Amino acid sequence: MAIEFRPITADEMDQYTLMDQIGFGGSTAPDEIKRVNERTMVRPEYTLCAYEGDTQVAHMAAFPGSMRWNGRDIACAGIVDVTTLPTHRRRGLVRGLMTRYFLRMRKENRPVAMLWASMAAIYQRFGYGIAFTMRRCDFDPRHLRFVDEIATPGRTRLLSHEEAIPLIAAAYARFAAPRTLMLHRDPQWWARWVLRPWRTPPWLVAVYEEDGDVQGYVIYSPLNRTNDRSPGPPQQLQVSELIWNTPAAHRALVALLAGHVLASSILLYNQPVDDPLFYQAQEPRLLGAAARDGTLLRLVDVEQALAGRGYDGDGRLVLAVEDDLCPWNTGSFELSVDGGHAEVRRVTAESDIWLSPRALAILCAGRQSATELARIGTIAGTEADALKTADALFRTAYAPFCADDF
């Protein structure tokens, strides 16, 4: 039977959620399907599904939004819910969904796609590159000591969600402004996704402020580990988000967490590699730090993505790209940056650097320099001078980081 690709309608949402639960191992009980539908942020117009007759056999969705792109805003799409029924896998349906959604994004002038991968192997073959390295720490706060003393003259306090949102949204925007990959959050995203009102136990929100200025915040929850038979305090503090704009804010918020006397574990799930904790702890090995892939990035429209990025250096470079999923990206692009302002145009001149879409995504995100990518074989056949120019152009002042796990 022929496959039809189209968005779902509102009355097909139950079928969409059921397939999602099958694909990702959730409950398929009718009550659970109803609960998921009540809290989902996915709308029918965000979706694209593969139908065999009246049956959804593969689907995906994308949240429209914008993110920071080395200090500038750029339109993007957050890809979610990519799954295929077990009966229809390895038939090219995900490729069919991706290529159609990339075309849709191009028409909507959304040049960048990003996602959190259940398995990176699925998406790297579609031109997605690992855009940042995520650090995860799980440590006993009773062992935490710092090398340097940092004064914290302000105060920390707990806030209700309603009171907190405008204050922490301002602190988040300040933190995100110079960075790469941080999403723009509207009030609905804050209320329904970041703070997840349905979560049990609910998130607590604490801020650090000096003279009424909120300089950072932490979103966390104390969880009683009832099945843990080990001696000592019974709680684990699960930290959803730690945002700081000054060293004092970071130190004060970590001290707040460490001050929970009933906690024997603090789990910081998602930290950028330039988070101060690893470098300030007297014994970083006791932090239980581990690194893994963060968000994956895909340039859907190379010309727009290059022109819309912020640059900290000046120079000229001709980039050659070959892209079988987005054929409009195949060709050579001259990138000229003067005073931080970029101009991009298609050229037929000889190229300085040849990149795959995956390599270009990694380079643009600032995760690895062109020289590093050449050293590991991701960029091949490029002169050293061209690599140095690319290093200077694509360098970022901050490590790339996306705080939203969507």
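**Cysteines, cores and rings in a predicted model**

The sulfur of Cys326 lies 14 Å from the closest cysteine sulfur, that of Cys364, which is too far for a bond. A disulfide here is a pair of cysteine sulfur atoms within 2.5 Å. Cys137 tells a similar story: the closest cysteine sulfur to its own belongs to Cys402, 18 Å away, and this too is too far for a bond. By this rule, the count is 0 disulfides.

A few words on the basis of these values may help. The structure is a predicted model, in which local features need pLDDT of at least 70 and side-chain atom pairs count only at pLDDT 80 or more, whereas totals for chains, interfaces and linings use all residues. Residues are numbered from 1 along each chain as its sequence is written, and side-chain values use heavy atoms, with hydrogens and water left out.

Are the two cysteines named at the start, Cys326 and Cys137, buried or exposed? Buried means under 20% relative accessible area, exposed means over 50%, and partly exposed is in between, using a 1.4 Å probe and protein chains only. Cys326 has a relative accessible area of 0%, so it is buried. Cys137, at 1%, also counts as buried.

The interior can be described through its nonpolar cores, each being a set of buried Ala, Val, Leu, Ile, Met, Phe, Trp, Tyr and Cys residues joined through side-chain atoms within 4.5 Å. The largest core holds 102 residues, and those with the most contacts inside it are Met67, Met114, Tyr217, Leu297, Leu306, Ile353 and Phe394. A second, separate core contains 31 residues, among them Met19, Leu48, Met60 and Ala117. Leu297 gives a feel for the surroundings of one core residue. Residues are in contact when heavy atoms lie within 4.5 Å. Leaving aside residues up to four places away in sequence, the contacts of Leu297 include Met67, Trp69, Met114, Tyr128, Leu181 and Ala365.

Aromatic side chains come next. Rings of Phe, Tyr and Trp (its six-membered ring) pair if their centres lie within 6.5 Å; planes under 30 degrees apart count as stacked, over 60 as edge-to-face, and the rest as tilted. The whole structure has 13 such pairs. In one of them, Trp190 and Tyr217 meet edge-to-face, with 6.3 Å between centres and 65° between planes. This pair links distant parts of the chain, 27 residues apart: Trp190 is in helix α6 (residues 187–194) and Tyr217 in strand β10 (residues 213–224). Helices (H or I, at least four residues) and strands (E, at least two) are DSSP runs, numbered from the N terminus. Both Trp190 and Tyr217 are buried. Elsewhere, ring pairs join Tyr46, Phe63, Trp189, Trp193 and Trp198 into a cluster.

Charges also meet rings. A charge sits over a ring if NZ of Lys or CZ of Arg is within 6 Å of the ring centre and within 35 degrees of the ring normal. The charged end of Arg196 sits over the ring of Trp193, at 3.9 Å from its centre. Likewise, Arg251 lies over the face of Phe146, 3.7 Å from the ring centre.

Helix α3 (residues 93–107) offers a neat check of geometry. The expected span of a helix is 1.5 Å times one less than its number of residues. With 15 residues, α3 should span 21 Å, and its end C-alpha atoms are 21 Å apart, which agrees. Buried residues of α3 include Leu93, Leu97, Tyr101 and Met105. Just after α3, Asn109 takes a positive phi of about 60°. Within the helix, Met98 is buried, with a relative accessible area of 0%. Beyond its neighbours up to four places away in sequence, Met98 touches Met60, Ile79, Val82, Leu115, Tyr123, Phe126 and Tyr128.

Other elements hold buried residues too. Gln21 belongs to helix α1 (residues 13–24) and is buried at 13% relative accessible area. In strand β4 (residues 73–84), Thr83 is buried at 5%; not counting residues up to four places away in sequence, Thr83 touches Met19, Asp20, Gly23, Phe24, Ala58, His59 and Arg89. Leu253, in helix α7 (residues 247–258), counts as buried at 0% relative accessibility. With residues up to four places away in sequence left out, the contacts of Leu253 include Thr156, Tyr208, Leu242 and Tyr217, the last of these being a partner in the edge-to-face pair with Trp190.
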